[in-house]
Amino acid sequence: MLRFSRSKIIATVAVIVIGLLLAVPSTMNREQRQAFLNAIPGWVPSWLVPSRAIVLGLDLQGGSHVLLEVDAQDLMRVQVTTLRDDVRRILRDTRVSSQNGIQTVQRGVQIRVPDAADRDRLLPRLRELAQPTGNAMLGQAGGNTIDINTTPDGVITLTYSEIGTNERIRRAVDQSIEVIRRRVDATGTTEPSIQRQGADRVLVQVPGLQDPQQLKALLGETGNLEFRLLAQQGATDVDMLPMQDAGGQRVPVERRIIAEGGDLIDAQPAFDTQTNQPIVNFRFNIRGAQRFGQATTENLGRQLAIVLDNQVISAPTIQSPITGGSGQISGSFTVEQVNNLAVLLRSGALPAKLTIVEERTVGPGLGRDSIEAGKMATYVAAIFVIIFMFATYGLFGLFANIALIVHVGLIFGLMSVLEATLTLPGIAGIVLTIGTAVDSNVLIYERIREEVRAGRSIVSGIQAGFDRAFATIVDSNSTMAIAAVILFFLGSGPVRGFAVVFILGILTTVLTAVTLTRMMIALWYHWMRPKVLPF
Amino acid sequence: MRLVRLWPENSHFDFMRFRRFSFPLSAVISILTAVILLSGGLNFGIDFRGGTLMEIQAKSGQANVGQIRQTAEGFGFGDVEVQEFGTAGEVSLRFPIQEGGEAAQAAVVQKARDTFNGDYEFRRVETVGPRVSGELVQSGTIGVVLSVIAVLFYLWFRFERELAIASIIGTLHDIVLTIGFFVITGHEFNMTSIAAILTIVGYSLNETVVVFDRTRELMRRYKTMPAEELLNLSINHTMSRTVMTAATTALSLLALVLFGGQAIQGFAQVMLYGVVICTYSAICISSPMLIYIGLRGSEAVKVPEGRAAAAE
């Protein structure tokens, strides 16, 4: 009959108390939480202490969300350039010459070697360029990164295969994440989150960042630094590169690279002691120092070209050989530019250009206002529903209200343990749950009322009400769950926060609206032995 | 203490009569929705259309909308929508998506920040490039389609064919009328709207399930009762619950509309409307639909005598 055994009571209360305790850390701010954790004596095992807390979404705490995409075309361009250099090196090594040089084709290069003997010497070396992909140990069938095709008349085409391209993009994303992490860390922002998204994207989330301009400036640059020489009159192997602050004017720069960003071991912003202008001091590693020393010794009086992402940012004249391995980049820079440049040089180059495909920034003011508005809406909704339930069902309404408050507490408890993110739509989800959670109670109560009206005794009416309403409660919650689960898998960021709250709400409602309410009603019945329903 | 009763006990209201009004009414709204929708009437937000949205607030508390509009139009980034909202000098600016792919969008933000930074605080900046907006359209559409498929599967397992058909009609009706809300009011349609539609799908289904559970129960009890009478009885039996749940849900949504702040208001308004629509459709669309689909052909009445008795 309407019995609730002692062990069942203890179990129910224990689950609820633990669930509510889990929410405790989320009610405190960072300092309070630390103080709370410190206040707990050392003999308490750490797994007993609730330490996890809800994470506030960027829309509530303010901050920047930037979605970057690896520019596949740019990556391919870089790849083809590398391939071209490799092929040129192999041609030189094997002393084979290609008719009409090395042609660039779609995703690769083409050479023409009509002599069969030459081709036989060349091809094995070219095949070394093509690395197998896939994991042989896992038995994955991979192809090669580069396809090599030969026609009878001696045209050899090397192209990046589909697999090779995808593999490169995957690696480029991994490398980019590392470089981005170093760059973002260098700006001194707290707790940035940098993660891969999809095949070719990186999501950067920086809480508290109000103006992502500097971040975007840092991520928008590839950061590829080269030390070259300005070409002299009549030189042939040159690139025409734009000169910074020269109104788009282009200058000839030798193709040969003396040293590059990878040779640097340090770069720091500083001020020139004489002109007091912002500069960047840098230091080379041994290889870079040697090559730089040799080049500056041989080319005294000529102009160096310091090239960043295919733009000449400075072209100082070599006054004396620089053999100590350190130097400086000066130019017409602002302090901020110098800071960014130093960060770019220290963090290394990105494997390819990154494009910003989505940006969402919320100022801290709006975040605070949203939290306040969300709290207000939650309280008002709770008061509305609590008054309404009490006015309709009296004492039973009070039971439902207690269950409702526990229900909201448990959602927070579960979210804390999962370290789930609370977003503004998530708050909307909580408010909505307040309205829908009492549905289960309403179903039960209305059924009880009906059963008693149909002539059952109060105790059997309550029993029947719970039993008969239960199937409908399961139904009504599964219908909501269908929508919530789909939303969870398809939504991103804030919308997903809504789905999380909704799913957790569905789980806890069974415990609170069914088990907890039933327990309260059973206890009430045994103490009061009522003859009529209180509603 | 006298307790509140929103719905009288033992009511014998003839709900089925309503179908003479509700069917034409819903049909007209659905057709209207389809017509406006096909003529491009959905006001897509930047999630789906791409572009840049900014919300700025005057540091002085008093925004000069005219000047902002004039300045922003002078940027040369196309048609700018400038709108004041709230009370504390908050203004929203919407720039259309820029030609020139993903990278071109950043220039808008840069320009606006440089121009308005002195007098205004930037409260929100959102830029969605063409590729991401295309993907969001895709995942939003998939979401709604998937939810309908999931609902179909659920109903297939849960109900007899006739009841399942009637409730899927109800759910589709609610989706169409919710989209109707967007096209008729010109309410912005974004990713949160998709969340609202999916939640409404859940709520709609919930409402029909509660009524149809009762219909099925009564079908087993009163084997010879005409469909119309039976459906009326089911609705009357569940009506006090329907009214209560609609009221508590609507109350909490009302709290969101009134106090939830501008960012969440749109969602709450749609949901509030959705609760009304779902309640209406469960009573005035799905249930009377069964009169035409034919209630008695369903499996439930073919339950052997013994089991039917046990179910009582």
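This report describes one helix of chain A and the contact between chains A and B in a predicted model.

**Helix α4 of chain A**

Helix α4(A) spans residues 72-93, 22 residues in total. From its first C-alpha to its last it reaches 31 Å, close to the 32 Å expected at 1.5 Å a residue. Which residues of α4(A) are buried, and which are exposed? The table lists both groups.

| Environment in α4(A) | Residues |
|---|---|
| Buried | Leu75(A), Gln79(A), Leu83(A), Val87(A), Leu91(A) |
| Exposed | Thr81(A), Thr82(A), Asp85(A), Arg89(A), Arg92(A) |

The buried residues of α4(A) lie on the same side of the helix because they cover an arc of only 140° around its axis. The background is general: an α-helix has 3.6 residues a turn, so residues three or four places apart point the same way. The exposed residues are on the other side of α4(A). Among the elements of chain A that cover the buried residues are β2 (63-70), β4 (108-112), β6 (155-160) and α6 (162-186). Just after the helix, Arg95(A) has a positive phi of about 55°.

**The contact between chains A and B**

Chain A contributes 59 residues to the contact and chain B contributes 58 residues. On the side of chain A that touches chain B, the elements giving two or more residues include β2, α7 (213-220), β18 (354-362) and α10 (364-417). The largest share, 17 residues, comes from α10(A). By type, this side of chain A divides into 34 nonpolar, 15 polar and 10 charged residues.

Strand β18(A) also pairs with strand β4 (residues 120-128) of chain B, in the antiparallel sense and over 5 bridges. Within this pairing, Glu358(A) has Val128(B) of β4(B) as its bridge partner.

How values were computed
Residues numbered from 1 in each chain as written. Chains lettered and ligands numbered in written order. Predicted model: local features only at pLDDT ≥ 70, side-chain atom pairs only at ≥ 80, totals over all residues. Helix = DSSP H or I, 4+ residues; strand = E, 2+ residues; numbered from the N terminus. Expected span 1.5 Å × (residues − 1). Buried ≥ 20, exposed ≤ 12 C-beta atoms within 10 Å, placed from the backbone. Arc of directions from axis to C-beta. Contact = placed C-beta atoms within 7 Å. Nonpolar A, V, L, I, M, F, W, Y, C, P; charged D, E, K, R; others polar. Pairing = 2+ DSSP bridges.
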